[in-house]
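Hi,

Here is the structure I promised to pass on. Have a look at it first, and then read my notes below.

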Amino acid sequence: MYDSLFFATFDPVYVNAPDICDVCIKQPPMFNYEYCIEEPGGQRQYIKGFCCAACAEGLLKKLKTREATEWAHEEAELEADNVDVTDFQKRRLATFGRN
Ligand SMILES: [Zn+2]
C-alpha cells in the first residue's frame, strides 16, 4: 500500500475555501489537503478538502499509524516465511518505535 498526504497553503482572497475545517468542522482551515489511501486490492481513495492545523497533525498521525502497521505486517509475513528480519525489524523500530 502506498498512501500519500499532501498539504498546500491557499490564498483566502482568491480561493473559495470554506469557513470551517472539513475534518473537525470547528476551526478555520489553514491548509488545502489531499489524502490518498491505497486499499489492499490496489483501489485508491482520495480525500480532499481544507483542514485546520490540528487536523493536519491528526492526518499525518493517521498516515504514520497506517504505515507502522503496514511495516509490522510485512515483517510478520517475512518472518512466517523464515526470512531473517533482523535488519528490517531494527529499521522499523528505529523509525516507528515500539508501540
Ligand atoms: Zn480541523
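One cut-off before we start: a residue counts as exposed if 12 or fewer other C-beta atoms lie within 10 Å of its own, and as buried if there are 20 or more. Also keep in mind that this is a predicted model.

So, is Pro18 buried or exposed? Pro18 has 11 C-beta neighbours inside 10 Å, so it counts as exposed. You'll find Pro18 in the loop between E1 and E2. Leaving out residues up to four places away in sequence, Pro18 touches Pro29 and Phe50. Thr65 is another story: its C-alpha is 28 Å from that of Pro18, with the two positions 47 residues apart in sequence.

Now the sheet. Three strands form an open sheet in the order E1-E2-E3, and the pairing is antiparallel. Strand E1 (4-8) and E3 are the edge strands, each pairing on one side only. On average, neighbouring strands here are turned by 10° against each other, if you ignore direction. In general, strands of a sheet pair through backbone hydrogen bonds. Between E2 and E3 there are eight bridges, and Glu38 sits opposite Arg44 in E3.

Which residues make up the largest nonpolar core? There are eight: Cys21, Val23, Tyr33, Tyr35, Phe50, Cys51, Cys52 and Cys55. Strand E2 (31-38) and strand E3 (44-51) are the elements that each give two or more residues to this core. Try clicking on Cys52: not counting residues up to four places away in sequence, its contacts are Cys21, Cys24, Gln27, Pro28, Pro29 and Met30.

Cheers

Technical notes
Residues are numbered from 1 along each chain as its sequence is written. This is a predicted model: local features need pLDDT of at least 70, side-chain atom pairs count only at pLDDT 80 or more; totals for chains, interfaces and linings use all residues. A nonpolar core is a set of buried Ala, Val, Leu, Ile, Met, Phe, Trp, Tyr and Cys residues joined through C-beta atoms within 7 Å. Helices (H or I, at least four residues) and strands (E, at least two) are DSSP runs, numbered from the N terminus. Two residues are in contact if their C-beta atoms, placed from the backbone, lie within 7 Å. Two strands pair if DSSP finds at least two bridges between them. Axes are lines fitted to C-alpha atoms, for helices over the stretch in contact, and angles run from 0 to 180 degrees between N-to-C directions.
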